Amino acid sequence: MPCMNIDRCPIPLDEGVGPIYQKRYCQDNWDGCARWAVFSTLGPAQVPKWLRPNMGVEAEQIIVRAGQQDDEPA
Ligand code: SF4
């Protein structure tokens, strides 16, 4: 089953590496995608355009940073 974001995510549409990422992640390995990790944890507005599916470390940092900001007193 393909990723639920496949129609609105810019990565599979990328004319360069898009087909490679689509085959490797979007079609049936979306739970291993860094963009999916941020999307599913923080929501679509928090997924940076530059984040590629194989950037798991960066995705983790985005998620951790968002959690730390939530913990800061208002
Ligand atoms: S790049 Fe990731 S979030 Fe975007 S469609 Fe593919 S699997 Fe889904």
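Which helices each supply at least two residues of the shell around the ligand? In this predicted model, they are α1, residues 18-26, and α2, residues 34-42.

**Overall fold**

The chain holds 3 helices and 0 strands, and its pattern along the sequence reads α-α-α. The C-alpha trace spans about 45 × 20 × 20 Å along the principal axes of the chain.

**Confidence**

The average pLDDT of the chain is 93, and 99% of the residues reach at least 70. Of the elements in the chain, α2 has the highest mean pLDDT, at 97, while α3 has the lowest, at 93. Where pLDDT is low, predicted coordinates should not be read in detail.

**Ligand shell**

The ligand is surrounded by 15 residues. Among them, the closest are C3, C9, C26, W30 and C33. Sorted by class, the shell consists of 13 nonpolar residues, 1 polar residue and 1 charged residue.

**Packing of α2 and α3**

Helix α3 covers residues 56-71 and packs with α2 at an angle of about 15 degrees, the axes being 8 Å apart. Angles under 35 degrees count as roughly parallel, and α2 and α3 are therefore roughly parallel to each other. Their crossing is right-handed. On the α2 side, the contact is made by A34, A37, V38, T41 and L42. These meet G56, E58, A59, I62, I63 and A66 in α3. By class, the residues of this contact are 8 nonpolar, 2 polar and 1 charged.

The table sets out the class counts for the ligand shell and for the helix contact.

| Site | Nonpolar | Polar | Charged |
|---|---|---|---|
| Shell around the ligand | 13 residues | 1 residue | 1 residue |
| Contact of α2 with α3 | 8 residues | 2 residues | 1 residue |

Helix α2 thus appears in both settings: α2 supplies at least two residues of the ligand shell, and α2 packs with α3.

Terms used
Residues numbered from 1 in each chain as written. Predicted model: local features only at pLDDT ≥ 70, side-chain atom pairs only at ≥ 80, totals over all residues. Near = placed C-beta within 6 Å. Helix = DSSP H or I, 4+ residues; strand = E, 2+ residues; numbered from the N terminus. Nonpolar A, V, L, I, M, F, W, Y, C, P; charged D, E, K, R; others polar. Axes fitted to C-alpha atoms, helices over the stretch in contact; angles between N-to-C directions. Parallel < 35°, antiparallel > 145°, perpendicular 65-115°, else oblique. Left-handed = near helix turned anticlockwise from the far one by under 90°. Contact = placed C-beta atoms within 7 Å. pLDDT = per-residue confidence, 0-100.
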